[in-house]
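Fancy a little practice at reading a protein model? Work through the exercises below, then check your steps against the solutions.

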Amino acid sequence: QVQVVESGGGLVQAGGSLRLSCVASGRIFSINVMGWYRQAPGNQRELVATITRGSITKYVDSVKGRFTISRDNAKKTMYLQMNSLKPEDTAVYYCNAEIMKYDGWGTFWGQGTQVTVSS
């Protein structure tokens, strides 16, 4: 069974840093685009950053220059380094991955990890 699991969330003061991780496991043949999304209370889920298998990255404007997305294909792991955190970054952060498994491609979501930035 294929799954993706996030970790690394927590409580941090404004200006601080956190590093999120997302690990994919199961019978995986390949992983295409991976991404981080977030959802704050009362808001829709929004895209934060994406990274292709070849490490081409995209960011939402609000995190450019502060967040860095990366991946280790051999470890089936994606990271989000978050620096200069702001209270408005508070949200549940979700991992998303396009995964090729034995019966074809599928899109998988993690359960989410809470990030809380205090002012």
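Here are three exercises on this predicted model, each with a worked solution.

**Exercise 1.** Work out which strands stand at the edges of the four-strand open sheet.

*Solution.*
- Start with the order, which is E1-E3-E8-E7, with antiparallel pairing.
- Now look at the ends: E1 (3-7) and E7 (67-72) each have a single partner strand, so one side of each has no neighbour in the sheet.
- From one strand to the next, the twist averages 15°.
- Zoom in on one pair: E7 and E8 (residues 77-82) run antiparallel and are joined by six bridges. In that pairing, Asp-72 sits opposite Thr-77 of E8.

**Exercise 2.** Find the strand that gives the most to the largest nonpolar core.

*Solution.*
- The core has 30 residues, and those touching the most other members are Trp-36, Leu-80, Met-82, Tyr-93 and Ile-99.
- Several strands supply at least two residues each, among them E3 (18-25), E4 (28-39) and E9 (91-101).
- E9 comes out on top, with five residues.
- Take Met-82 as a sample: beyond four places in sequence, its contacts include Leu-18, Leu-20, Phe-67, Tyr-93 and Val-115.

**Exercise 3.** Is Leu-47 buried, partly exposed or exposed?

*Solution.*
- Place the residue: Leu-47 belongs to strand E5 (residues 46-51).
- Its relative accessible area is 38%. Buried needs under 20% and exposed needs over 50%, so Leu-47 is partly exposed.
- Check its company: outside four places in sequence, Leu-47 contacts Trp-36, Tyr-37 and Val-60.
- Val-60 is 13 residues away in sequence, yet the C-alpha atoms of Leu-47 and Val-60 are 6.8 Å apart.

Definitions and conventions:
Residues are numbered from 1 along each chain as its sequence is written. This is a predicted model: local features need pLDDT of at least 70, side-chain atom pairs count only at pLDDT 80 or more; totals for chains, interfaces and linings use all residues. Side-chain values use heavy atoms; hydrogens and water are left out. Buried means under 20% relative accessible area, exposed over 50%, partly exposed in between (1.4 Å probe, protein chains only). Contact means heavy atoms within 4.5 Å. Two strands pair if DSSP finds at least two bridges between them. Axes are lines fitted to C-alpha atoms, for helices over the stretch in contact, and angles run from 0 to 180 degrees between N-to-C directions. A nonpolar core is a set of buried Ala, Val, Leu, Ile, Met, Phe, Trp, Tyr and Cys residues joined through side-chain atoms within 4.5 Å.
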